[in-house]
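Please work through the following exercises with the sequence and the structure at hand. Each task is followed by a solution that goes step by step.

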Amino acid sequence: MLYPSKLISEERLETDAPEEMLPAPACFLTAVRSLNQLFGESPVPMPTGGRSTTLLYRDAVYLWQDIAQQAGPLAALAPMTFFGVTEGRETVQLSFRLEGRTLIARRCSDSGREFERLQGLAMRMEWPDRESAAWMRALAVRLPARAVCCAACGRDRELLHPGGLLVPTPGSLFTYLAWEPVSTPDLLACLTAEHKTALWRRFLEDDRQPLEFDWLWDAYYGAPLDLLEWTLTLHGAMEELGFRVERTPCSFRVTDQEGRERRFDFSRGGPAERVFLKLLFPLDER
């Protein structure tokens, strides 16, 4: 807090603290996911400078014990600070530390007065540098409120690898974080429209077929898919890149921005080619 504060209390709580020290990024993201589940919403990033990341849950109403239960041990391992507002419109600061297996919850405010409930929750954590703070802010706001996994940029692999959150997906365009066992349909389901557009661009521009297209083709006739979003993102990527499709009753022709014809082979091509052709020409006897 920016001004001197008075101690409300320090309380000792029994806790199931992790037996191993987790890296700070894993602690932070796991705490965010736990709070997302508690409040049923994702946080809003606050514009803070320097090396800190601050996230805000605007509509949260809670007891401070809820935060201790959901995020206290993680916040003690990788020090995070929480802020909320009391019924008396006073800002309270909540922090945690571990003494052995005991969690110490420390609460402070300007007046030191006790309170019942808190409204709004901000969580803040300091990082070694500005770049790390920006990365973690971007990752945290992409964590879904209820999904079991999340897609991140490939550059985040090195940052997150030590935390044990990454799903092994060699050959994928994106990195995937999960807190429980997941299937490939789960991984597909966490992809946003921006992710899908990036996959189509990689295929159309570079003729690359990341692992995600294997999952997509495997699921095409099986698991429920949002084919409309895959189709719309394909059309959007083609329009952005200047691709055109010419059709006649007996044939079709795909050209790129330079007017060069692009050839695709359903029988011999890879999974991206097959899905590409199915979405453009979806008639199917099966």
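**Exercise 1. Find the bridge partner of valine 254 in E12, and place both strands in their sheet.**

Solution. The model is a predicted one, and the first step is to look across from valine 254 into strand E12, where the bridge partner is arginine 262. The next step is to name the strands: E11 covers residues 252-255, and two bridges join E11 to E12 in an antiparallel arrangement. The sheet that holds them is open and has three strands in the order E10-E11-E12, with antiparallel pairing. Strand E10 (244-247) and strand E12 (261-262) stand at the edges, and because each has a single partner strand, one side of each is left without a neighbour in the sheet.

**Exercise 2. Give the strand order of the seven-stranded open sheet, and say which helices pack on that sheet.**

Solution. Begin with the order, which reads E1-E6-E5-E4-E7-E3-E2, with antiparallel pairing. The edges are taken by strand E1 (6-14) and strand E2 (44-45), each of which has a single partner strand, so one side of each lacks a neighbour in the sheet. Strand E4 (residues 80-85) pairs with strand E5 (residues 91-99) in the antiparallel sense over four bridges, and valine 85 stands opposite threonine 91 in E5. Now add the helices: helix H1 (residues 24-39) packs on the sheet and touches strand E3 (52-62), E4 and strand E7 (118-126), while the direction of H1 makes about 20° with that of E3. Helix H2 (residues 64-77) also packs on the sheet, touching E1, E3, E4, E5, strand E6 (102-109) and E7, and the direction of H2 makes about 50° with that of E5.

**Exercise 3. Is E6 enclosed or open to the outside, and how many bridges join E6 to E1 and to E5?**

Solution. Seven of the eight residues of E6 are buried, so this strand is largely enclosed by the rest of the structure. On one pairing, eight bridges join E1 to E6, and the two run antiparallel; here glutamate 11 stands opposite alanine 105 in E6. On the other pairing, eight bridges join E5 to E6, again in the antiparallel sense, and serine 95 has arginine 106 of E6 as a bridge partner. The final step is the turn: E5 and E6 form a hairpin with two residues between them, and glycine 100 in that turn has a positive phi of about 65°.

**Exercise 4. Is tyrosine 57 buried or exposed, and which residues does the side chain of tyrosine 57 reach by polar contacts?**

Solution. First locate tyrosine 57, which lies in strand E3. The relative accessibility of tyrosine 57 is 0%, and since the cut-off for buried is under 20%, the residue counts as buried. Leaving out residues up to four places away in sequence, tyrosine 57 touches a list of residues that includes Val32, Leu35, Phe39, Pro43 and Met123. For the polar contacts, the side chain of tyrosine 57 reaches the backbone oxygen of valine 32 at 3.3 Å, and the side chain of asparagine 36 at 2.7 Å.

**Exercise 5. What is the relation of H7 to H9, and of H6 to H9?**

Solution. Helix H7 (residues 211-220) and helix H9 (residues 271-280) pack with their axes 8 Å apart and at an angle of about 50°, which means that H7 is oblique to H9. The crossing of H7 past H9 is left-handed, and the residues that make the contact include Phe213, Trp217 and Tyr220 of H7 together with Pro271, Arg274 and Lys278 of H9. Turning to helix H6 (residues 193-206), the axes of H6 and H9 come within 11 Å and cross at roughly 105°, so H6 is roughly perpendicular to H9. In this pair, Trp200, Phe203 and Leu204 in H6 meet Ala272, Glu273, Val275, Phe276 and Leu279 in H9.

**Exercise 6. Where do arginine 89 and aspartate 207 lie, and is each of them buried or exposed?**

Solution. Most residues other than glycine have a negative phi. Arginine 89, however, has a positive phi near 65°; this residue lies in the loop between E4 and E5 and is exposed, with a relative accessible area of 74%. Aspartate 207 has a positive phi near 55° and is placed in the loop between H6 and H7, where the relative accessibility of 52% makes aspartate 207 count as exposed.

Key:
Residues numbered from 1 in each chain as written. Predicted model: local features only at pLDDT ≥ 70, side-chain atom pairs only at ≥ 80, totals over all residues. Heavy atoms only, no water. Pairing = 2+ DSSP bridges. Contact = heavy atoms within 4.5 Å. Axes fitted to C-alpha atoms, helices over the stretch in contact; angles between N-to-C directions. Buried < 20%, exposed > 50% of the residue type's maximum accessible area, 1.4 Å probe, protein only. Polar contact = N/O pair within 3.5 Å; in protein donor to acceptor, adjacent residues only side chain to side chain. Parallel < 35°, antiparallel > 145°, perpendicular 65-115°, else oblique. Left-handed = near helix turned anticlockwise from the far one by under 90°.
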